[in-house]
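The following exercises are to be solved with the sequence and the coordinates at hand. Each task is followed by a worked solution.

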Amino acid sequence: MSLAITADGPRLSLPRRFVELLPGLALLFAIGFAGKLIEQSINAYGKANHLALPNIEYVLWAIIIGLIIANTVGVPKIFRAGIGTYEFFLKAGIVLLGVRFLLGDVAKLGGISLVAVALELGISIVLMTWLGNAFRLTPKLTSLLAIGSSICGVSAIIAAKGAINAKDEDASYAIAAILALGAISLFAFPLIGHALGLSDHAYGLWAGLAIDNTAEATAAGNLWSEQAGKIAVLAKTTRNATIGFVVLAYAIYWATKGEARTIENKAAFLWNKFPKFVLGFILISLAATLGAFTKEQASDIANLSRWAFLLTFAGVGLSTDFREMRKQGFYPFVVGAVGEIGIAILTLGIVIAVQPWLPA
Amino acid sequence: MSDTTETKPAPAPRLSLDTFALDTWAVAASVLFIALIVAGIFPRVPW
């Protein structure tokens, strides 16, 4: 979550802010780099000793190291501001990843994703609303869980919280549930994908459709392969692009009940909520398609995107605190878990259905 | 759906740097990096 760097407080001068971010940034880099070193050392050891060791990607190591720190000794306060920047690196990484997509691929895969996303949105909203009612959660918490699970986890919940005038506890419930479930799916998805023998494209599309938080969807895709990571990012970005529309629909619904502020200018609202990094991604992809970069430049830009993701994955582990989850209560978690499992199964069905149109 | 319903005022946003600002920063920083790479000012990025 980016709350660490966004929380209220006295506004610090730019150099002070930078100094405050440094320890956390160094920790992100150290953990990400350690993950890469572990991956390379295991591979080198296997090669030297002629052992067939499983290739575990740096992504998983970085997340595991982060999870262990966050859930045992905890993250000391001095690091928190810097760790909060991982969302920035995630978005920058996605924009830079645009260099690896030709616009035609974006249109083709984006088109398939869009159909799949439309189905996923409908299914998630109906399922979560039904579950929330069945477990008698407050209607606004149910709305937040439905928005979080259908679009984009944390950012969608934060965007919706203000728009539908929801309580702080409800937003933290929903955020904690989405984050904990995302962490669990990081481990479960690759196992299920391998058991089913999914292709890179099919697995990537599934991760992008079913995992709610962008960082975790990106990590789950990259855990499988870099190609799957690219597809997961594209599918997830398509979902993110719908954020404004879904939040607007919910805001109008709650406003008609007199429980949220009326939205006067809908176009401005949509633009405000639209994730701008999606535009950056399309812009870079357009430039790459038009041949703006040489091969070396394109590979440098793609490498920069990998470094940005390295910091992101370390941040994902460090920001997932399962103890926080326990404090949040049992029912929202059950609703979240049952809903997410249902969404994972249904989106897997969608992926298998569209598989004939995906590249092998 | 009508937009004229009487409404409660929403609380002032507690987040001073919302996702919108983070987004804009991410795009601006990426474009700057790319400009530096294309101009040959930024050193080659190994992976």
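A residue is called buried if 20 or more other C-beta atoms lie within 10 Å of its own, exposed if 12 or fewer do, and partly exposed in between, with C-beta atoms placed from the backbone. Helices (H or I, at least four residues) and strands (E, at least two) are DSSP runs, numbered from the N terminus. The model is predicted: local features need pLDDT of at least 70, side-chain atom pairs count only at pLDDT 80 or more, and totals for chains, interfaces and linings use all residues. Residues are numbered from 1 along each chain as its sequence is written, while chains are lettered from A and ligands numbered from 1 in the order in which they are written.

**Exercise 1. Determine which residues of α14(A) are buried, and describe the helix and what follows it.**

Step 1. Helix α14 of chain A covers residues 276-289, which is 14 residues. The expected span of a helix is 1.5 Å times one less than its number of residues. From first to last C-alpha, α14(A) reaches 20 Å, close to the expected 20 Å.

Step 2. Application of the burial criterion to α14(A) gives A:Lys276, A:Phe277, A:Val278, A:Gly280, A:Phe281, A:Ile284, A:Ser285 and A:Ala288. An α-helix has 3.6 residues a turn, so residues three or four places apart point the same way.

Step 3. After α14(A) comes A:Gly291, with a positive phi near 75 degrees.

**Exercise 2. Characterise the overall build of chain A and of chain B.**

Step 1. Chain A contains 17 helices and 0 strands. The radius of gyration of chain A is 20 Å, close to the 21 Å given by the globule rule for 360 residues, so chain A is as compact as a globular protein of that length. The radius is taken over C-alpha atoms, and the rule is 2.2 Å times the number of residues to the power 0.38.

Step 2. Along the principal axes, the C-alpha atoms of chain A fill a box of roughly 65 × 50 × 40 Å. Of its 360 residues, 53% count as buried.

Step 3. Two residues are in contact if their C-beta atoms, placed from the backbone, lie within 7 Å. Among the contacts of chain A with a separation of 6 or more, 81% join residues 24 or more positions apart.

Step 4. Chain B has 1 helix and 0 strands. Buried residues make up 19% of the 47 residues in chain B.

**Exercise 3. Establish how α9(A) packs against α10(A), and how enclosed α9(A) is.**

Step 1. Axes are lines fitted to C-alpha atoms, for helices over the stretch in contact, and angles run from 0 to 180 degrees between N-to-C directions. Helix α9 (residues 200-210) and helix α10 (residues 214-224) of chain A pack at about 160 degrees, with axes 8 Å apart. This makes α9(A) roughly antiparallel to α10(A), a class that requires an angle over 145 degrees.

Step 2. The contact involves A:Asp200, A:Tyr203, A:Gly204, A:Ala207 and A:Gly208 of α9(A), which meet A:Ala217, A:Ala220, A:Gly221 and A:Trp224 of α10(A).

Step 3. In α9(A), 11 of the 11 residues are buried, so the helix is largely enclosed by the rest of the structure. Its buried residues pack against α6, α8 (168-196), α10, α11 (226-241) and α17 (331-354) of chain A.

**Exercise 4. Compare the surroundings of A:Leu209 and A:Leu25.**

Step 1. A:Leu209 belongs to helix α9 of chain A and is buried, with 29 other C-beta atoms within 10 Å. A:Leu209 and A:Val351 are 142 residues apart in sequence, but 8.9 Å apart in space, C-alpha to C-alpha. Residues up to four places away in sequence aside, A:Leu209 touches several residues, including A:Ala116, A:Glu120 and A:Val351.

Step 2. A:Leu25 lies in helix α2 of chain A and is partly exposed, with 19 other C-beta atoms within 10 Å. A:Leu25 and A:Ile83 are 58 residues apart in sequence and 6.2 Å apart in space, C-alpha to C-alpha.

**Exercise 5. Which loops hold A:His50 and A:Arg136, and are these residues buried or exposed?**

Step 1. A:His50 is in the loop between α2 (14-48) and α3 (58-71) of chain A. Although not a glycine, A:His50 has a positive phi of about 55 degrees. A:His50 is exposed, with 6 other C-beta atoms within 10 Å.

Step 2. A:Arg136 occupies the loop between α6 (103-134) and α7 (139-163) of chain A. Phi of A:Arg136 is positive, near 55 degrees. With 10 C-beta neighbours inside 10 Å, A:Arg136 counts as exposed.

Conventions. Angles under 35 degrees count as roughly parallel, over 145 as roughly antiparallel, 65 to 115 as roughly perpendicular and the rest as oblique.
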